[in-house]
Amino acid sequence: MKSELGTLVELQKTDTRIRQLKENIETTDERRAVIEEEFEKHASSIREIQNNRDEANAKRAELETHIAESKTSLERANRNLKAAQDSQQYEAAMREVDVLNKQISKYETQILENLEIVEEAEKVLDERAEEVKNLDSDWEGKQAEFDGETKRDKKELAKLTSERAKVFNEVSPRLAAIYNRLVTRSRDGIAVAEVIEDACSACYMKLRKQIIVDLKTTPEIITCENCTKILFVSEEEQSEAIAST
């Protein structure tokens, strides 16, 4: 038959897991927001490149329209130049031709600059083609994975809560009261602490040698003299101590 101390250890492990599951469930929205933010940072770098490419293409199309309009005006200015009747008309036409030629040259330079932006963006997008292709499916996968974890947490919580009630009924009323009092007083919900390297794992205080001996050789309930947590040693250490006596 399992000792009461063993039952308390099992109860503590169950309560620690329940506490963790409750925290997971209560912080679902916050954790989802973090995942969304991290994904958005990743996705935004791709979208920025795509937007730069699209803006450059749109600008190039706009410039090509300006060039077509300017060339139409240039044809008219050249006709005016040929038809000039005096020096004043000739000079005015020449000025217009010069302005339009410079304007067209400027537009053409800007088109080349935008073509370079498009080519560079396309190069990067080609290098990250697999990333771009899977962007939406990756996000859907992350959401499905997160929702699955949340669903599993809720299912496990319901199962452990039920099991916990059964385990708790195995503890005597006196120990149950002590356990509940320690759990309630503790910020981390710990009432039962393992002894690691001869020290209480809850408060890290070094324990007296006699306490270590008693813990390893008897099933008695022993508490830490500093933090009052119920102490226990691993089954391995307990077995080794009994074997050596």
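Q: Why is Cys 203 called partly exposed?
A: Its relative accessibility is 23%, and since buried means under 20% relative accessible area, exposed over 50% and partly exposed in between, with a 1.4 Å probe and protein chains only, Cys 203 counts as partly exposed. This is a predicted model, in which local features need pLDDT of at least 70 and side-chain atom pairs count only at pLDDT 80 or more, while totals for chains, interfaces and linings use all residues. Residues are numbered from 1 along each chain as its sequence is written, and side-chain values use heavy atoms, with hydrogens and water left out.

Q: What makes Cys 224 buried or exposed?
A: Cys 224 has a relative accessible area of 2%, so Cys 224 is buried.

Q: How do you know whether Cys 203 and Cys 224 are bonded or too far for a bond?
A: The cysteine sulfur closest to that of Cys 203 belongs to Cys 224, at 3.6 Å, whereas a disulfide is a pair of cysteine sulfur atoms within 2.5 Å, so the two are too far for a bond. The search of the whole structure likewise finds zero disulfides.

Q: Why is Pro 173 called buried or exposed, and where is its place?
A: With a relative accessible area of 70%, Pro 173 is exposed, and its place is in helix 6, residues 173-185, where helices are DSSP runs of H or I with at least four residues, numbered from the N terminus.

Q: What radius of gyration does the protein have, set against a compact globule of 245 residues?
A: The protein has 39 Å, but such a globule would have a value near 18 Å; the radius is taken over C-alpha atoms, and the globule rule is 2.2 Å times the number of residues to the power 0.38.

Note on methods:
Helix = DSSP H or I, 4+ residues; strand = E, 2+ residues; numbered from the N terminus.
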